[in-house]
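Visitor: I'd like a tour of the packing inside this protein. Could you show me the model?

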Amino acid sequence: MTFQTVPKRAKSQGLRVYRATDFVVTNGANLGDPVADLSEMMLDDIYQLSPDAQSRRLALSATGGLAHMDVVDGSEMGTVGALVHLDCCATFMAPDGTIVEALVLVELERGTALIGETYLLPLADLRPKIDYALVAADADNPMIKFAELACVSFTRGTHITMASGEQRRIEEISVEDRVLTRDSGVQTVRWIGSQTVRASGAFAPIKIAKGVMNNANELRLSPNQRIFVYQRQDQLQTGQSEVMVKAELLVNGDTVTRSAGGFVEYYQILFDDHEFIFAEGIATESLTLDISTSPALPREVQDRLGIKKTARRRPKPFEIGEGMLDTAIAADVLKRVSTL
């Protein structure tokens with residue numbers, strides 16, 4: 001059986017992080033010490049990733065804002081309920097000049113202000129046995145970097161279904177254009193954003209081959225972006241006909257892959273509310289303006305649109321979490337249940 005019935009969890013964001021002890025100073029003032037919070041870092045220290053290092057899932061809930069995140073059920077690391085602080089953004093340089101940014105997160109011992117664990121969240125790939133020199137570290141922009149990870153995005157060239165039925169490329173859509181949504185009919189675009197980043201690590205897009213999820217063409221999405229699936233019968237035993245799943249949980253190394261290498265141009269599209277719009281013919285979520293994503297948006301947009309706390313018009317689809325489907329066959333299973 002490929003699906004496991006799992007208790008519902010609090011809304012969370014799963015991050016692939018390393019323990020501090022996996023990334024250690026091999027030359028410099030802090031020789032032998034693992035990566036630490038900003039107060040302990042020294043510029044020009046040389047770090048290496050352990051050959052045995054394995055990133056694991058740190059599940060966090062940001063219901064109290066990015067300044068107050070908690071470890072939640074389903075996390076492979078940390079103590080459930082412990083407070084996690086986003087400490088700083090560190091910038092490292094490899095010998096070939098490659099720049100790698102990484103966020104340092106510290107977990108506090110419950111009920112105290114003492115650091116219990118420290119984690120490293122690289123925003124690009126780190127490789128073992130490579131010297132990484134610390135060239136910058138600051139506490140000014142880690143929330144912006146973290147929020148960028150939470151911003152669901154389409155890649156340049158993705159066709160979106162407009163109100164008229166026209167299939168228009170995401171980069172050709174403008175504010176005030178009208179787009180067809182699955183649940184709310186025709187909706188007006190309130191904001192369109194874009195950014196170009198290295199297609200590496202947490203920012204490497206997920207590529208879904210044509211037809212794999214009934215998509216009309218190849219579809220590339222940000223890893224955290226969720227796809228809507230309507231199951232004709234409750235084959236997944238979720239108790240709901242409507243389910244959604246993050247693109248990264250469909251990666252099987254064949255028809256769904258991580259498209260790493262070079263750069264990727266991401267586009268974010270925002271409506272009055274969270275919507276599922278049709279990208280290459282299948283329902284895929286739009287950006288939500290909330291406490292997790294707002295730091296990444298221009299201040300003018302935050303002030304103009306604000307974070308709305310309105311009641312949902314309809315029940316939220318059941319979200320398929322990590323480990324609930326075998327990733328090797330997840331895309332096939334979801335396509336099948338939507339067409340039975």
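Guide: Sure, and one term up front: buried means under 20% relative accessible area, exposed over 50% and partly exposed in between, with a 1.4 Å probe and protein chains only. Helices (H or I, at least four residues) and strands (E, at least two) are DSSP runs numbered from the N terminus. The model is predicted: local features need pLDDT of at least 70, side-chain atom pairs count only at pLDDT 80 or more, and totals for chains, interfaces and linings use all residues. Residues are numbered from 1 along each chain as its sequence is written, and side-chain values use heavy atoms, leaving out hydrogens and water.

Visitor: Which element gives the largest share of the largest nonpolar core?

Guide: A nonpolar core is a set of buried Ala, Val, Leu, Ile, Met, Phe, Trp, Tyr and Cys residues joined through side-chain atoms within 4.5 Å. This one has 37 residues, and elements giving two or more include β18, β21 and α3. The largest share, 5 residues, is from α3.

Visitor: Why are the buried residues of α3 on the same side?

Guide: Those residues are Ala 330, Ala 331, Val 333, Leu 334 and Val 337. Going by directions from the helix axis to the C-beta atoms, they sit on the same side because they cover an arc of only 160°.

Visitor: How many residues of helix α1 are buried?

Guide: Phe 146 and Leu 149 are among them, and so are Lys 145 and Glu 148. The helix spans residues 142-150 and is largely enclosed by the rest of the structure, because the buried count is 7 of the 9.
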